[in-house]
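Hi,

Here is the structure I promised to pass on. Have a look at it first, and my notes follow underneath.

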Amino acid sequence: MAEKTGITKAYRKDGSLYYRASITYNGKHISLGSYTIPEEGTRAYMEAYHILNGSRCSIPDYPDHSALSFTKFVILVNLRNNGIYIKTPIYLYSDYFLYYLRPDHALKFDKDDLFFYSSHTIQQKGGYLFVCHYGSQYGILSRYGIHQFSVAGRDYIFANGDNRDYRYENIKILNHYMGVTEEQHQGKTVYTASIHVKGKHIIGRYSTEEDAAIAYNKAADILKKKGYKKNFIQNYISNLSAKEYAERYQSIRISEGLNGE
């Protein structure tokens, strides 16, 4: 039985006392958080009650000293306005949704991604955005086929110029493979393969992306045989059979400085 509105006592494994705050809305029991003092739990309950029952606050209105976490605040505003409980900081629109990292910073996604992001929390280290999935970290760009070391503006672009708009129609991949860059050389479109070995080393220029990607793999294999410890990520060319890949691998010429021939 709650001693104060919306809170109950609980005990940790070490026997210490804390307070759980929760609220029920349209039959849905919602945990609001854990607090060391009952007054904070009560304040969280009252804030949640006002969000769900009458207050027209929006997500940018999140108060600096709220007893609710920002994630809970977004969840409650979305529940109030859209009638759907989602456990991550998502706000739904008719044909897309916003995933809020901060009150002034939201990422836009297609509805097709709702199931994934409703069960995966986006985290950020510097400019790197990722989720944890089955114990591993995955950059959110990997869902578009963009590898971890890709550079915005060189390997991919946001078509409308908004680098927070992750709808599929807005992500344009320019370079699909590791170590491959599309360039203009002597008036022609070429694909330059390069690899970092004490600085950038040009492997060669090729007429197709696939040949440049295979050249990168070949260069990485040679460097590993020479004793380089760097973990070079290999390109996977899905439209080639194993036999076709092997034939092109053997025939592709790369920089003699790497070949050692």
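In what order do the three strands of the open sheet with β4, β5 and β6 come? Before I get to that, please keep in mind that this is a predicted model.

The order is β4-β5-β6, and the pairing is antiparallel. β4 (90-92) and β6 (105-110) are the edge strands; each has a single partner strand, so one side of each is left without a neighbour in the sheet. Ignoring direction, neighbouring strands here are turned against each other by 25° on average. Between β4 and β5 (residues 96-102) there are three bridges. If you want a pair to click on, take Y91, whose bridge partner in β5 is L98. Helix α2 packs on this sheet and touches β4 and β5. The direction of α2 makes about 15° with that of β4.

That brings me to α2 itself, and to N78, which lies in this helix. Is N78 buried or exposed? N78 comes out as buried, because its relative accessible area is 0%, and the cut-off for buried is under 20%. Leaving aside neighbours within four places in sequence, N78 is in contact with G83, I84, I86, I90, Y91 and L92. You have already met Y91 as the bridge partner of L98.

Next, the packing of α1 (38-52) with α2 (70-82). Their axes are 9 Å apart and the packing angle is about 30°. The two helices are therefore roughly parallel to each other, since angles under 35 degrees count that way. α1 passes α2 in a right-handed crossing. On the α1 side the contact involves A48, I51 and L52, which meet F73, L76, V77, L79 and R80 of α2. By class, that contact has seven nonpolar residues, no polar ones and one charged one.

C57 is worth a look while you are there. This cysteine sits in the loop between α1 and α2. C57 is buried, with a relative accessible area of 16%. Apart from neighbours within four places in sequence, C57 is in contact with I51, F73, V77 and R80. I51, F73, V77 and R80 also appear in the contact of α1 with α2. For a distance to check, C57 and V77 are 20 residues apart in sequence, and their C-alpha atoms are 7.7 Å apart in space.

Now a second helix pair, α4 (residues 209-225) and α5 (residues 242-251). How do their axes cross? They come within 9 Å and cross at roughly 70°. That makes α4 roughly perpendicular to α5. From α4 the contact takes in E210, D211, I214, N217, K218 and D221, and from α5 it takes in Y245, R248, Y249 and Q250. Sorted by class, this contact has three nonpolar, two polar and five charged residues.

There is also an open sheet of three strands in the order β7-β8-β9, with antiparallel pairing. Its edge strands are β7 (123-125) and β9 (136-139), each of which pairs on one side only. From one strand to the next, the twist averages 45°. β7 and β8 (residues 128-133) pair in the antiparallel sense over three bridges, and Q123 has F130 as its bridge partner in β8.

Back at the start of the chain numbering, β1 (residues 7-11) and β2 (residues 17-25) run antiparallel and are joined by five bridges. They form a hairpin with five residues between them. In the turn, G15 has a positive phi of about 90°. A10 stands opposite Y18 in β2.

Last one: H201, in strand β14 (residues 200-206). H201 counts as partly exposed because its relative accessible area is 26%. Its contacts, leaving aside neighbours within four places in sequence, are A193, S194, I195, S255 and L258. H201 and R164 are 37 residues apart along the chain, and a distance of 33 Å separates their C-alpha atoms.

Cheers

Conventions
Residues are numbered from 1 along each chain as its sequence is written. This is a predicted model: local features need pLDDT of at least 70, side-chain atom pairs count only at pLDDT 80 or more; totals for chains, interfaces and linings use all residues. Side-chain values use heavy atoms; hydrogens and water are left out. Helices (H or I, at least four residues) and strands (E, at least two) are DSSP runs, numbered from the N terminus. Buried means under 20% relative accessible area, exposed over 50%, partly exposed in between (1.4 Å probe, protein chains only). Contact means heavy atoms within 4.5 Å. Axes are lines fitted to C-alpha atoms, for helices over the stretch in contact, and angles run from 0 to 180 degrees between N-to-C directions. Angles under 35 degrees count as roughly parallel, over 145 as roughly antiparallel, 65 to 115 as roughly perpendicular and the rest as oblique. A crossing is left-handed if the near helix is turned anticlockwise from the far one by less than a right angle, and right-handed if clockwise. Ala, Val, Leu, Ile, Met, Phe, Trp, Tyr, Cys and Pro count as nonpolar, Asp, Glu, Lys and Arg as charged, and the others, Gly among them, as polar. Two strands pair if DSSP finds at least two bridges between them.
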